[in-house]
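Let's take a walk through this chain together, with the model open beside the text. We will start at one leucine, move on to charged pairs and a helix, and end with the confidence scores.

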Amino acid sequence: MSATVAPQVQSMRAALSDGNWVGRIVDVFYAKMLDDYRINRFFCTRPAAEQAAALKAYLKAYAGNFNSKDEKVLAALDHYFTVAFARNNAKPGGNDFAFLPDTAGGRDSGTATLLCPAHGFLVKLGLDDFHYDIVIEHLSAALQQLNVADDLAYQMLALAEKGRNGLLARAGKSNRIG
């Protein structure tokens with residue numbers, strides 16, 4: 001890790017380690033997401049608090065380890081996506097979100113795997129850059145609303161941006177979170 005990147009990573013790690021602070025960001029961000037008719041159709045009907053709790057658990061696991069290849073981190077990410085997006089689980093005992101390790105940097109394949117058939121509805125509903133831009137817009141608005149320092153907000157938005165190609169299942173694009 002370069003000398004210029006290390007302090008940035010450490011400051012973001014410290015910020016993500018504050019569960020109460022991250023919880024407030026997630027709550028504001030999630031409310032904006034679920035209230036937005038342009039993207040709320042992608043989320044399942046589970047209560048917002050349950051979905052937000054799963055996202056908070058993932059961020060806590062990520063901040064605690066900061067190694068996106070760690071099985072605990074990947075399991076927390078899979079759990080979040082299952083809670084937030086799964087309509088049914090057609091793969092008993094399987095990893096329904098097999099594309100996530102590629103998104104999060106867990107595998108070195110360099111390609112994204114398409115969503116499994118049970119969750120292919122996200123692609124069928126037309127998930128694309130327009131929708132990802134809305135997510136980034138809501139995250140930015142939540143960070144501004146909570147007066148997050150500009151440099152930290154920039155780092156958090158850059159981290160969120162790293163997941164774009166993987167989440168949109170673009171083969172041949174490598175996005176690493178972490």
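## Around Leu 34

Leaving aside residues up to four places away in sequence, Leu 34 touches Asn 40, Phe 43, Ala 48 and Gln 51. This is a predicted model, so please read each contact below as a feature of that prediction. Leu 34 itself sits in helix H2, which covers residues 19–35. How much of Leu 34 can be reached from outside? Its relative accessible area is 22%, and because buried means under 20%, Leu 34 counts as partly exposed. For a sense of distance, Leu 34 and Cys 44 lie ten residues apart in sequence, and their C-alpha atoms are 10.0 Å apart in space.

## Charged pairs

Searching the whole structure turns up four salt bridges. Three of them are worth a visit here, among them the one where the side chains of Lys 56 and Asp 27 meet, at 2.8 Å from N to O. This pair ties together distant parts of the chain: Lys 56 belongs to helix H3 (residues 48–65) and Asp 27 to helix H2, with their positions 29 residues apart in sequence. Both partners are partly exposed, Lys 56 with a relative accessible area of 29% and Asp 27 at 39%.

Next comes Asp 36, which forms a salt bridge with Arg 38; their closest N and O atoms are 2.7 Å apart. Arg 38 also pairs with Glu 137, where the closest N and O atoms are 3.4 Å apart. Here again distant parts of the chain are linked, since Arg 38 lies in the loop between H2 and H3 while Glu 137 is in helix H7, 99 residues away in sequence. Which residues end up in one network? Through salt bridges that share partners, Asp 36, Arg 38 and Glu 137 are joined.

The table sets out the accessibility of these three residues.

| Residue | Relative accessible area | Class |
|---|---|---|
| Asp 36 | 7% | buried |
| Arg 38 | 23% | partly exposed |
| Glu 137 | 41% | partly exposed |

## Helix H8

Helix H8 runs over residues 150–161, and at 1.5 Å a residue its twelve residues should span 16 Å; the end C-alpha atoms are 16 Å apart, which agrees. Which residues of H8 are buried? They are Leu 152, Ala 153, Gln 155, Met 156 and Leu 159. These residues lie on the same side of H8, because they cover an arc of only 160 degrees around the axis. On the other side of H8, the exposed residues are Asp 150, Asp 151 and Tyr 154.

## How confident is the model?

Across the chain, the average pLDDT is 73, and 63% of the residues score at least 70. Which elements mark the two ends of the range? Helix H5 (residues 100–104) has the lowest mean pLDDT among the elements, at 42, and helix H7 (residues 129–145) has the highest, at 95. Over residues 89–119 the pLDDT is below 50, and the model gives this stretch 73 contacts beyond near neighbours in sequence. A further stretch, residues 172–178, also stays under 50 in pLDDT; the model has 31 contacts for these residues beyond four places in sequence.

Notes. Residues are numbered from 1 along each chain as its sequence is written. This is a predicted model: local features need pLDDT of at least 70, side-chain atom pairs count only at pLDDT 80 or more; totals for chains, interfaces and linings use all residues. Side-chain values use heavy atoms; hydrogens and water are left out. Helices (H or I, at least four residues) and strands (E, at least two) are DSSP runs, numbered from the N terminus. The expected span of a helix is 1.5 Å times one less than its number of residues. Buried means under 20% relative accessible area, exposed over 50%, partly exposed in between (1.4 Å probe, protein chains only). The arc is that of the directions from the helix axis to the C-beta atoms. Contact means heavy atoms within 4.5 Å. pLDDT is the predictor's confidence in each residue, from 0 to 100.
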